[in-house]
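Biologist: Got a minute to show me the structure? I'd like to talk about the empty spaces in it.

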Amino acid sequence: RGETYERRNELDEAVRDFRAAAALDPTAPRALESVGDALFLLQRFDRAADSYAAALRLDNRAAGVGYKLALALYRAGQIDRAVQAVDRALRLDTQTAAAAYLLGLCLHETHRDEEAIRWLERAVRLSPDLVLAREELADLYAAAGRHAEHLEQLRQIALREPTAVGRQIALGLAQARVGNEASAVATLGAALHGAVDRTQDQSSIYGALGTIWLERAQASGDRVYLAKAIEALRQGAAGPMASSELLTAYGRALLLAGQIDLAERTLKEASVRFPVAPSTFDLYAAAAERQGHLDAARRALIDDTALPHDDAKGASIARRIAAISAQLHDPQAAATWLAHASALAPHDVHGLVELARAELRVHNPAGARLAVARGLAEDPANQELLALTVP
């Protein structure tokens with residue numbers, strides 16, 4: 001009856017009946033294993049692990065239950081215990097790819113990446129179609145700077161999932177990152193011809209191609225590469241599902257080409273596509289400012305402050321907002337944002353000079369005196385601060 005409940009996804013009832021079965025025959029490990037299975041499906045991983053451990057106490061040669069115990073412990077965040085459990089399971093059955101993959105994951109969690117790589121390599125030898133293991137292995141190869149092996153894993157994944165355009169794109173971009181531009185273009189070109197979804201898939205592929213050309217144009221200053229980037233990104237951005245990241249790349253390319261009006265419109269559209277790419281607001285503000293649209297530029301930068309930045313970047317954005325506010329004849333906002341910049345970069349003496357001047361412009365002598373005092377504490381001989389007359 002518990003199995004019937006489980007098939008109907010009535011898992012609490014299944015747990016109840018499996019426990020009743022275990023109570024009727026305390027020597028039967030299967031009922032305890034079934035309790036663990038139902039609890040695992042309920043994502044009660046700690047309790048599932050307890051049930052699997054109880055089943056193993058009755059039959060400590062059950063490698064499959066040992067693997068389930070390790071997986072439950074891993075999902076419960078008990079990584080050290082999971083390593084011990086999966087190691088025991090692998091001693092009982094050395095040919096289980098899933099267990100080797102799980103051990104690789106656990107070792108990576110404990111920063112033992114070389115060991116993790118060895119176990120993940122074993123997993124894909126045992127089961128070449130285990131894509132999840134290949135993905136993890138590719139990431140570890142990339143982190144270790146083993147670029148050829150990283151690319152080979154991406155190639156193997158793409159071969160096994162030929163209709164998954166994202167796999168082809170990942171391979172193409174990785175090839176480009178290691179300087180193999182011809183292979184990258186060939187990979188993405190083949191993906192383009194084989195795309196099943198003629199809108200979303202092609203948009204993503206054109207975006208990847210355009211990104212490769214754009215990075216090449218930025219690195220070399222070559223206008224031919226820039227033109228190729230703009231054309232590819234234009235085709236990618238034309239789709240209704242174009243991402244903020246793709247539209248932002250197109251806007252960046254247009255800025256480089258001096259097509260400021262189109263760049264501003266493109267980046268404005270990118271700024272309302274979620275999730276917004278990290279550089280969108282910064283680029284949109286730059287385009288709007290060059291067009292003389294200062295209100296729009298300031299709004300974009302204020303929106304940018306809501307994204308996560310380190311203190312140095314946050315201070316830089318605040319100073320840009322202050323500068324635009326001054327151009328908009330809004331001295332109070334300028335002073336407010338300079339104060340914000342100073343809070344993020346408290347040792348920046350030039351910023352304190354600007355803040356003191358801004359406080360004087362809004363008739364806040366107390367704020368100006370505080371800024372001067374902070375600045376002189378950093379640089380007692382600073383002539384700009386000493387020259388300020390604060391009432």
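Modeller: Sure, let's start with the largest pocket: the residues that line it divide into 10 nonpolar, 9 polar and 3 charged. Nonpolar means Ala, Val, Leu, Ile, Met, Phe, Trp, Tyr, Cys or Pro, charged means Asp, Glu, Lys or Arg, and the others, including Gly, are polar.

Biologist: Where does the model come from, and how are residues numbered?

Modeller: It's a predicted model, where local features need pLDDT of at least 70 and side-chain atom pairs 80 or more, while totals for chains, interfaces and linings use all residues. Numbering starts from 1 along each chain as its sequence is written, and side-chain values use heavy atoms, leaving out hydrogens and water.

Biologist: OK, how much space lies in the largest pocket?

Modeller: About 410 Å³ (the space filled by probe spheres set on grid points joined across faces, edges and corners). On a 1 Å grid over the protein atoms alone, a pocket is an open set of points with protein on both sides within 12 Å along at least five of seven lines, a cavity is a set where a 1.4 Å probe fits but cannot get out, and lining residues have an atom within 4 Å of a point.

Biologist: Which residues are closest to the centre of the largest pocket?

Modeller: The largest pocket is lined by 22 residues, and G207, T211, E245, L246 and A249 lie closest to its centre. Helix 11 (165-177), helix 13 (200-220) and helix 15 (244-256) each give two or more residues to that lining. Helices are DSSP runs of H or I, at least four residues, numbered from the N terminus.

Biologist: And which helix has the largest share of that lining?

Modeller: Helix 13, with 9 residues.

Biologist: New topic: what's the volume of the second largest pocket?

Modeller: That one has about 200 Å³. It has 14 lining residues, and A322, A326, A334, L338 and R361 are the closest to its centre. Helix 19 (311-327), helix 20 and helix 21 each supply two or more of the lining residues, with helix 21 giving the largest share, 5.

Biologist: How do its lining residues divide?

Modeller: Into 7 nonpolar, 3 polar and 4 charged.

Biologist: How many cavities of 30 Å³ or more does a search find?

Modeller: Just 1 in the whole structure, and the largest cavity holds about 30 Å³ of space.

Biologist: What lines the largest cavity?

Modeller: R319, L338, A341, S342, A345, D348 and G351. Helix 20 (residues 331-344) gives the largest share, 3 residues. By class, that lining has 3 nonpolar, 2 polar and 2 charged residues.
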